[in-house]
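Please prepare a written report on the structure shown below, covering its pocket, its surface, its charged pairs and its backbone.

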Amino acid sequence: MIRVDLAYIYDLSARFDTLRNLQAGGPLGEHWIDLYIGKYNLEELYTSSVFSAAFRASRGPAGNLLTELDSLLTRHENDPNAVLAFSDISLIHRHLEDVQTILRAELSSADGYLVTPLGAYDASTLLARPEAAWPSDLLAKVPSVLSDVQDAGKCLAFQLPTSAGFHILRIIESVLRKYWDAVSGGAAPPKVKTIGSYIAQMDKLSVGDNKVRASLNQIRDLHRNPLMHPEDSLTVEEAVILLGISVSVVAQMLRHI
């Protein structure tokens, strides 16, 4: 996945202005910088930009235009008195029109999506800094959850709520194991390492914070158990609610880790 700079697309047409505005007549040397800038922009677009692999149909016409620009620049090097003729301008404009027509068609059929905010959660933050949605000490105390934090953020940003719920619950379970080690006084963890098993053991040994156990019970009953059934799924709103509840209970558990 690559974040697209929309300003780059907006400015794409302006990259060809130097070629579009060429006028016939006068020594080639007077137009050298415009020809060179046009050549540089085309090469950058089709060889080193992140879009270079996507622009296929227009690559041929772009190659024809580059060949013509190279020819003019070479002509100037060989003959400083050479003139930019009307036929040169006509050929440049024809190749440029071919490039722009096909490039416009390629852009119109390209896959582009706008990721909208989810409640109070900004999509760009969920994608670039998903850990910002969680307590600041989460990764320091439970570094193993990093991949789930990242995947949960992506799933929420792209509105895949059931997948987001799966990763959120994995985060809770990972933190819960660390929490158990901190509050159990060295007792053996349950053999089946589910939220329900840990709750039952904490109730049996009377360990752990009551608020933590109550929150975990709510998450287990309202979210985890339904997610284990293939016929059930989360809505986007339910996933956002689950994230809010999970952040709260994770913060409570982290205080004891």
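The report that follows takes up these topics in turn.

## Basis of the model

The model is predicted, and the local features described here are restricted to residues with pLDDT of at least 70, while side-chain atom pairs count only at pLDDT 80 or more.

## The second largest pocket

The second largest pocket holds about 160 Å³ of space, and the residues that line this pocket are Ile9, Leu12, Ser13, Phe16, Gln100, Leu103, Arg104 and Leu107. Helix 5, which covers residues 86-109, supplies four residues and thereby the largest share of the lining.

In chemical character, the lining of the second largest pocket is made up of five nonpolar residues, two polar residues and one charged residue.

## Surface and burial

Trp32, Ile33, Tyr36, Ile37 and Tyr40 together make a nonpolar surface patch of about 470 Å². One of these residues, isoleucine 33, lies in helix 3, residues 28-48, and has a relative accessible area of 44%, so that isoleucine 33 is classed as partly exposed, the range for that class lying between 20% and 50%.

Threonine 74, which is found in helix 4 (residues 59-78), is likewise partly exposed, with a relative accessible area of 38%. Between threonine 74 and alanine 14 the separation is 60 residues in sequence, and the C-alpha to C-alpha separation in space is 25 Å.

Burial can also be followed along helix 10, which covers residues 195-205, where Ile195, Gly196, Ser197, Tyr198, Ile199 and Met202 are buried.

## Salt bridges within a helix

The count of salt bridges comes to seven, the criterion being a side-chain nitrogen of Lys or Arg within 4 Å of a carboxyl oxygen of Asp or Glu. In one of them, aspartate 17 pairs with arginine 20, with the closest N and O atoms 2.2 Å apart. Aspartate 17 and arginine 20 are three residues apart in helix 2 (residues 17-20), and therefore about one helical turn separates them. Aspartate 17 counts as partly exposed at 31% relative accessibility, and arginine 20 counts as partly exposed at 30%.

Another salt bridge joins glutamate 43 to lysine 39, where the closest N and O atoms are 3.0 Å apart. These two residues are four residues apart in helix 3, so the separation between glutamate 43 and lysine 39 is again about one helical turn. An α-helix has 3.6 residues a turn, so residues three or four places apart point the same way. Glutamate 43 is partly exposed, with a relative accessible area of 30%, whereas lysine 39 is buried, with a relative accessible area of 14%. Lys39 and Glu43 also belong, with Asp70, to a network of linked salt bridges.

## A salt bridge between helices

Arginine 170 forms a salt bridge with aspartate 148, and the closest N and O atoms of this pair are 2.9 Å apart. The pair links distant parts of the chain, since arginine 170 lies in helix 9 (residues 161-183) and aspartate 148 lies in helix 8 (residues 146-157), with their positions 22 residues apart in the numbering.

The surroundings of these partners can be compared through their accessibility. Arginine 170 counts as partly exposed at 38% relative accessibility, whereas aspartate 148 is buried, with a relative accessible area of 4%.

## Positive phi values in loops

Most residues other than glycine have a negative phi. Glutamine 159 has a positive phi, near 55°, and is a residue other than glycine. Glutamine 159 lies in the loop between helix 8 and helix 9, and at 39% relative accessibility glutamine 159 counts as partly exposed.

Serine 206 is also a residue other than glycine with a positive phi, near 55°, and this serine follows helix 10. Serine 206 lies in the loop between helix 10 and helix 11, the latter covering residues 210-227, and at 63% relative accessibility serine 206 counts as exposed, the cut-off for that class being over 50%.

Notes: Residues are numbered from 1 along each chain as its sequence is written. Side-chain values use heavy atoms; hydrogens and water are left out. On a 1 Å grid over the protein atoms alone, a cavity is a set of points where a 1.4 Å probe fits but cannot get out, and a pocket is an open set with protein on both sides within 12 Å along at least five of seven lines; lining residues have an atom within 4 Å of a point. Grid points are joined across faces, edges and corners, and a volume is the space filled by probe spheres set on the points. Ala, Val, Leu, Ile, Met, Phe, Trp, Tyr, Cys and Pro count as nonpolar, Asp, Glu, Lys and Arg as charged, and the others, Gly among them, as polar. Buried means under 20% relative accessible area, exposed over 50%, partly exposed in between (1.4 Å probe, protein chains only). Patches are made of residues with over 30% relative accessible area and no salt bridge: like charges are joined within 9 Å, nonpolar side chains (Val, Leu, Ile, Met, Phe, Trp, Tyr) within 5 Å. Accessible areas come from the Shrake-Rupley method with a 1.4 Å probe; for residues, only the protein chains shown count as cover.
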